[in-house]
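Me: I am in my first year and would like to take a close look at one part of this protein, namely the sheet with mixed pairing and what surrounds it. Please go through it slowly, and afterwards set it beside the other parts of the chain that are worth a look.

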Amino acid sequence: MSLRRRLQRLVQLPAYLWAGILVIAMLLLLTLATRSEPIPGALRVDRAQLSLPGDPSLADRVVALPHEWAPSRRNWGGLARYRFPLPEDLDEAARREGLGILIPRVGAGFQAKFNGEVVRSQCWPVSSYVYCDAGLQAQMVWIPAGLLRPHWGDNVVEIDVAGQPLRIGGLSDLRVGPSSVLQDRFKTLSWWQNDLTWMVAATAFMMGLLSTLIWLRIREPLFGLLGWGLLILTVRLALSTTISLSGGFAVWDYLHKVSFTLYCGFIYLFMSELFDFRQGKVRKTVIAMMVIGPFCIALTVLLEDYRIYRVWNGAILLMCLLAMLIVFRRARWGLNVNQRLMVVVGLATTITGMRDYFVVHLLVPGDADLRWMTPGSLVLMFAMGWVLTRRTAMAFDHVSLSNAKLLRQVDEREAELRSLFERLRLVESQRVLEAERRRLTRDMHDGLGSQLVQALNVVRGGGDQVDSAAVADMLKHALEDLRITLDSLEPMEGDLPTILGTLRQRLAPALQAARIELEWQVQEVPPIPGLEARGVLHVFRCLQEVFANVLKHAQATRVAVRTAHEGDFVELSVCDDGVGLGRFDGQVSAGRGMGNIRLRAAELGVDVRFEDGRPGTCVRFRFPLRPGARGGD
C-alpha cells in the first residue's frame, strides 16, 4: 500500500479515534518531559524539624517533606521554621566542590539560614501591601564554603517560611548536593515555571490584543470571545510568576483566582460559537458560573477557607470536562478540519488542567513542580489562532469568489448594456437624422420652395412678356436661401462669432448694394451650449428677417452688429438708424416677420426684444450659457 493511500485512510478515520490518538501522544510527551528523576550526586532531604514561633502552644516536631500547613487553618499569616542538618552521606568530592540546596516549592516568602547566617531570601519580609509570591518558582540556595564548620554534623540549615491569606504555606522536599549538579535542574524548573510562563503570557497578550482589535473592527463574536479570554489569561499568567507589585496582596491574589474562572468561561464560549452547538443548558451554566465566580472567591477570602476555592476549581474543571465530552461525543457525527483540531486540543488542555488540579490541590502523586496547563494553554492558543486564521482565509476566499462572480455578472450586464446602448444609439441616430431630414425638407419647402413657386407663377402669368428681372431676383433669393440652409449644416459648436461671420458673407453684398454701412462689433464670447445645426438655422432665419426689414422698411444708412458677454448670458444686438418702429397702444406693433423671429427665438430658449432707438430700431437676443439662467426685464 502506498504512503499516499495510507495517509488517506488515516484521514478518513472517525474524528474521535484520531483525536484520542493525538491526545494520548501529547500526554505521553508531557509525562516524559516532567518526570522526576534522581539528580546524580545530590541527596534528598525528606524530613525536617518544624517549629512555629508565632504559636508557642505547639511543640517542635519532626515532619515529613513535602509539608503543608493544614488547609483548614484560618491563621494563614503565621511563620514556620524548618531545621535540618546537612546529610552525612555527601561524599568528600561534593563537600569540596561547593554545596547548594534546591527548593522546588516554598511558601509565599522565605529566608534560608546556614549556621545562623542568612544566605538567601525571597519576598522577605512578607508584607500584605506588596504582591510577591516566592512559591511560584523554584529557589536555589548556595552555601558559602567559609560558613562550613569542621564537624559535619554541626552544619545546620534553617528555612523560615511565611504565609499569606489563601496561599498555602509549607516546604517541599529538598535536594542537597554540588551546586553545579543542582544548577541544571534549577534551570529546567526556572525555565518551565518562569520563562515559559512569560512566553505564554506574551503570546496570549499579542493574540488577545490582535483578536480584540479585529473584533472591534468586524464585530465577529469568535474574535471577541478569544480576545477577552486571552487577555484574561495574560493577567493570570503574569500573576503566576515571581512578579512584585505594589498594593494589597489580597487584591492581586483575588484577581489571580478570578481570572481562572473567566478564562475557562470565555474559552468554552469560543468553542461553543465555533462549533455552533445548541448546548443551551451547558452554555447557561457556564455563563452563570462566570457571574457567580467572583462572589464565590470573595466568600473564600472572607471566610479564609481554602477548601471553598478547591471545590470551586473542581466544579469549573468538571464543567469543562462535561462540555468537552459532549463536543467529543458529537464529533462522531462528522466535523470539519478546524472543529476536529479544536476537539483534540481542547480535550488535551482540559486533561492538563485536571492533572494539575489533582497533583497540586488534591496531593495526588506526581511532579507538582512542573505544571502541565502552561504548555497546554500555549498549544490551545496556537490551535485557536490557526483555526481563526483558516476561518479568515476561507472567508477571504469566499469573498474573492463572490467578487469574481459579481465581476463576471457585472461584465455580462455591461456587455448587455453596451449592446443595448449601441442599438439605442443607432435608433437615436436614425431618429435624429429623420428629424433633421424632415426639418430640412420643411425649411426648404418654406424658404426655397416658396421662392421657386413664386418664380414659376411669374413665368406662367407673364405669357410671352416675362419680367426676367423679377424672375432673376426671385431665383437669386432662392439660391441665397439654399446657401444659408447649407451653411447651417456646418459644425460651428456654438461659436456665435463664427455663425455671424458666415452670415455676414451672405448679407454684406445686399447691404452694400443698398448703400447701407455695416458696423461690425462682434467680440469673442463663450460658446453657447445647444446651438447645433437646427439652432444655427434659427439664428440665420432670425437675422435674415431682421436685415430684410432693414433693407425694405427701415430707410437706414447704417446698421451695427454687436456681441457682449454679460454674466450667464451672451447678448447679440442689431441696431439701425432708420425710421424706427411704429407704436400701437403703447405696445410694439408685431408684424408677421417679428412673430416669426419670436417663435424661432422661443424654440432656442433665447430672449428677444425689439426696441425703438429713436431714431432707428434695435433687436436684442440674449443667449443663456447654462440651463435655467434668466435675464432681467
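Reply: What follows begins with the mixed sheet and then turns to other places in the chain.

Please keep in mind throughout that this is a predicted model. The sheet is an open one, built from five strands that follow one another in the order E15-E16-E17-E21-E20, and its pairing is mixed. At its edges are strand E15, residues 517–521, and strand E20, residues 607–612, each of which pairs on one side only. If the direction of the strands is ignored, neighbours in this sheet are turned by 15° against each other on average. As background, strands of a sheet pair through backbone hydrogen bonds, and they may do so either parallel or antiparallel.

Starting from the edge strand E15, we find that E15 and strand E16, residues 558–566, run parallel and are joined by five bridges. Two of the residue pairs can be followed by name: Glu-517 has Arg-558 in E16 as its bridge partner, while Trp-520 has Val-561 in E16 as its partner.

On going from E16 to E17, the sense of the pairing is antiparallel, and eight bridges hold these two strands in register as a pair. Here Val-559 stands opposite Asp-576 in E17. The hairpin of E16 and E17 has two residues between the strands, and within this hairpin Gly-567 takes a positive phi, near 65°.

A helix belongs to this picture as well, for helix H12, residues 496–513, lies across E15, E16, strand E17 (569–576) and strand E21 (617–624). The helix runs at about 170° to E15.

It helps to put a second sheet beside this one. Four strands form an open sheet in the order E1-E13-E6-E10, and there the pairing is antiparallel. Its edge strands are strand E1 (43–45) and strand E10 (139–142), each pairing on one side only, and its neighbouring strands are turned by 25° against each other on average, direction ignored. Within this sheet, strand E6, residues 99–103, and strand E13, residues 174–178, pair in the antiparallel sense over four bridges, and Gly-100 has Gly-177 in E13 as its bridge partner.

Several details of the backbone lie in loops. Most residues other than glycine have a negative phi, and most peptide bonds are trans. Asn-115, in the loop between strand E7 (109–114) and E8, has a positive phi near 55° although it is not a glycine. The peptide bond from Leu-65 to Pro-66 is cis, with omega near 5°, and Pro-66 belongs to the loop between strand E3 (61–64) and strand E4 (67–68). Another cis peptide bond leads from Trp-124 to Pro-125, with omega near -5°, and Pro-125 is placed in the loop between strand E8 (117–122) and strand E9 (130–131).

The count of disulfides comes to two, and one of them is formed by Cys-123 and Cys-132, whose sulfur atoms are 1.8 Å apart. The link of Cys-123 and Cys-132 is left-handed, with -60° about the S-S bond.

Finally, on the surface, Phe-205, Met-206, Leu-209, Leu-213 and Leu-216 make a nonpolar patch of about 470 Å², and Leu-213, one of these residues, is found in helix H4, residues 179–218.

How values were computed:
Residues numbered from 1 in each chain as written. Predicted model: local features only at pLDDT ≥ 70, side-chain atom pairs only at ≥ 80, totals over all residues. Heavy atoms only, no water. Pairing = 2+ DSSP bridges. Axes fitted to C-alpha atoms, helices over the stretch in contact; angles between N-to-C directions. Contact = heavy atoms within 4.5 Å. Patch = residues over 30% accessible without salt bridge, like charges linked within 9 Å, V, L, I, M, F, W, Y side chains within 5 Å. Areas by Shrake-Rupley, 256 points an atom, 1.4 Å probe, with all protein chains shown as cover. Salt bridge = Lys/Arg side-chain N within 4 Å of Asp/Glu carboxyl O. Disulfide = S-S within 2.5 Å.
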